Amino acid sequence: MNPNQLPDLGRALRLLGEHGEAVTRDMPEAKLEEIRKDLARAVDLLATVAGPKPHTDCKLHPFGAVDEDAPDRCLFCQTRRRRAEAERRSQAGWARPSY
């Protein structure tokens, strides 16, 4: 199970519940199309939630390499953060002295 998608699935299901309360005989086609799209989104999210558990907590790289020291356990994003921090320090004059 992929717990990262549970909040999105919950929102999608609550939205569908609101649609159910608004169904009437004279509902316009546009509203029905909106319900169809929201229902398809909920089904897609359900498939994602039912899928395998990701290795990381990263939304961009859920099955990427793991870095236990990273806040989201994502090696790819942590590497990007480290490079950005090194660049920021070098721009600010915090670079290591070269001997």
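**A tour of two cysteines and two helices**

The count of disulfides in this predicted model comes to 0, where a disulfide is taken as a pair of cysteine sulfur atoms within 2.5 Å. Residues are numbered from 1 along each chain as its sequence is written. Because the model is predicted, local features need pLDDT of at least 70 and side-chain atom pairs count only at pLDDT 80 or more, while totals for chains, interfaces and linings use all residues, and side-chain values use heavy atoms, with hydrogens and water left out.

Select Cys-58, which is in no disulfide, and look for the nearest cysteine sulfur, that of Cys-77, 3.6 Å away. That distance is too far for a bond. Cys-58 is buried, with a relative accessible area of 6%, and Cys-77 is buried as well, at 2% (buried means under 20% relative accessible area, with a 1.4 Å probe and protein chains only).

Next, select helix H1 (residues 6–21) and helix H2 (residues 29–49), whose axes come within 9 Å and cross at roughly 150 degrees (helices are DSSP runs of H or I with at least four residues, numbered from the N terminus; axes are lines fitted to C-alpha atoms over the stretch in contact, and angles run from 0 to 180 degrees between N-to-C directions). H1 is therefore roughly antiparallel to H2, a term for angles over 145 degrees.

Finally, show the side chains where the helices meet (contact means heavy atoms within 4.5 Å): the residues in H1 include Leu-6, Leu-9 and His-19, and those in H2 include Lys-31, Ile-35 and Val-49.

Conventions. Helix = DSSP H or I, 4+ residues; strand = E, 2+ residues; numbered from the N terminus. Parallel < 35°, antiparallel > 145°, perpendicular 65-115°, else oblique. Buried < 20%, exposed > 50% of the residue type's maximum accessible area, 1.4 Å probe, protein only.
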